[in-house]
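This report describes a ligand site and several individual residues, with the geometric criteria stated where each term is introduced.

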Amino acid sequence: MVYIFFYREASEEYAKGVEKLSFTLLELISLSLGLPAKRFHDFFEDHTSFIRLNHYSPCPSPHLALGVGRHKDAGALTVLAQDDVGGLDVKRRTDGEWVRVKPIPDSYIINVGDIIQVWSNDRYESAEHRVMVNSERERFSIPFFFNPSHYVMVKPIEELTTVNNPAKYKEYNWGKFFKTRKGSNFKKLDVENIQIYHFKISA
Ligand SMILES: O=C(O)CCC(=O)C(=O)O
Ligand SMILES: [Fe+2]
């Protein structure tokens with residue numbers, strides 16, 4: 001109970017730390033694409049990042065339950081802390097198999113989100129993932145979703161497109177995309193879940 005008094009302070013400090021880490025990762029990704037380190041920075045001037053605190057209860061029939069259904073993170077990057085229980089699966093691109101992401105103490109899992117996929121014109125790929133529950137132990141995870149300003153129009157970075165490698169996506173507004181995604185993410189998909197392939201330019 002007493003911990004609640006430190007909650008705001010601890011959350012703010014944590015958010016500052018993962019925000020800083022995210023900007024560093026963004027710079028490294030930018031450099032890896034042959035762009036200046038701060039090429040993406042302006043998109044984050046009023047960034048809409050947020051933290052989620054996930055608690056997954058144990059379930060007597062885990063195969064009938066869903067922790068989090070399969071999805072791709074819509075934003076730029078996700079910095080994910082998980083405990084030692086495990087349950088996060090990532091879809092392997094080569095054979096479509098679900099692979100468990102083994103918890104490693106004192107480390108983060110970094111997800112590339114849809115926006116980096118679009119900015120990089122598919123040189124980076126946003127990985128599909130899901131969360132499975134188990135019958136024995138509860139699980140906690142803390143993702144930090146690093147997202148640009150709501151007014152940012154997302155499209156492949158001009159420097160990465162050429163006549164021979166044209167833009168693979170039409171531009172879309174991040175705020176609108178996120179609002180639509182949020183309206184459907186946790187319902188059992190009776191509303192269509194917006195995806196970046198809806199903005200794909202057919203070859
Ligand atoms: O709990 C996890 O490990 C991941 C949760 C997740 O994928 C999400 O919240 O987007
Ligand atoms: Fe996710």
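The sections below treat the basis of the description, the ligand site, and then selected residues.

## Basis of the description

The model is predicted, so local features need pLDDT of at least 70 and side-chain atom pairs count only at pLDDT 80 or more, whereas totals for chains, interfaces and linings use all residues. Residues are numbered from 1 along each chain as its sequence is written, chains are lettered from A and ligands numbered from 1 in the order in which they are written, and side-chain values use heavy atoms, with hydrogens and water left out.

## The shell around ligand 1

Ligand 1 is surrounded by 13 residues, of which Arg-52, Tyr-56, His-71, Arg-139 and Ser-141 are the closest; a residue is near a molecule if one of its heavy atoms lies within 4 Å of it. By class, this shell holds six nonpolar, four polar and three charged residues, where Ala, Val, Leu, Ile, Met, Phe, Trp, Tyr, Cys and Pro count as nonpolar, Asp, Glu, Lys and Arg as charged, and the others, Gly among them, as polar.

Oxygen atoms of ligand 1 have polar side-chain partners in the protein: an N or O atom in the side chain of Arg-139 is 2.8 Å away from one, a polar side-chain atom of Arg-52 lies 2.9 Å from one, and a polar side-chain atom of Asp-73 lies 3.3 Å from one. The protein covers 96% of the 290 Å² of accessible area that ligand 1 has on its own, with accessible areas taken from the Shrake-Rupley method with a 1.4 Å probe and, for residues, only the protein chains shown counted as cover.

## Elements that supply the shell

Strand E2 (54-56), strand E8 (129-131) and strand E9 (139-146) are the elements that give two or more residues to the shell around ligand 1, and E9 provides the largest share, four residues. Strands (E, at least two residues) and helices (H or I, at least four) are DSSP runs numbered from the N terminus.

## Asn-111 and its partner

Asn-111 belongs to strand E7, and it counts as buried because its relative accessible area is 13%; the term buried means under 20% relative accessible area, exposed over 50%, and partly exposed in between (1.4 Å probe, protein chains only). The side chain of Asn-111 makes a polar contact of 3.0 Å with the side chain of Asp-73, the residue that also places a polar side-chain atom 3.3 Å from an oxygen atom of ligand 1. A polar contact is a pair of N or O atoms within 3.5 Å; within protein, one must be able to donate a hydrogen and the other to accept it, and residues adjacent in sequence count only if both atoms are side-chain atoms.

## Loops on either side of E7 and H2

Tyr-108 lies in the loop between strand E6 (98-100) and strand E7 (109-112), and its relative accessibility of 37% is why Tyr-108 counts as partly exposed. The C-alpha atoms of Tyr-108 and Ala-81 are separated by 5.2 Å, although the two residues are 27 apart along the chain. Gly-113 is placed in the loop between E7 and H2, and Gly-113 is buried because its relative accessible area is 0%.

Asn-121 is found in the loop between helix H2 (114-119) and E8, and Asp-122 is found in the loop between H2 and E8 as well. Most residues other than glycine have a negative phi, whereas phi is positive for Asn-121, near 55°, and for Asp-122, near 80°. Asn-121 is buried because its relative accessible area is 2%, while Asp-122 is partly exposed because its relative accessible area is 24%.

## The segment before H1

Ile-4 lies in the segment before helix H1 (7-32) and is exposed because its relative accessible area is 56%. The C-alpha atoms of Ile-4 and His-129, 125 residues apart along the chain, are separated by 32 Å.
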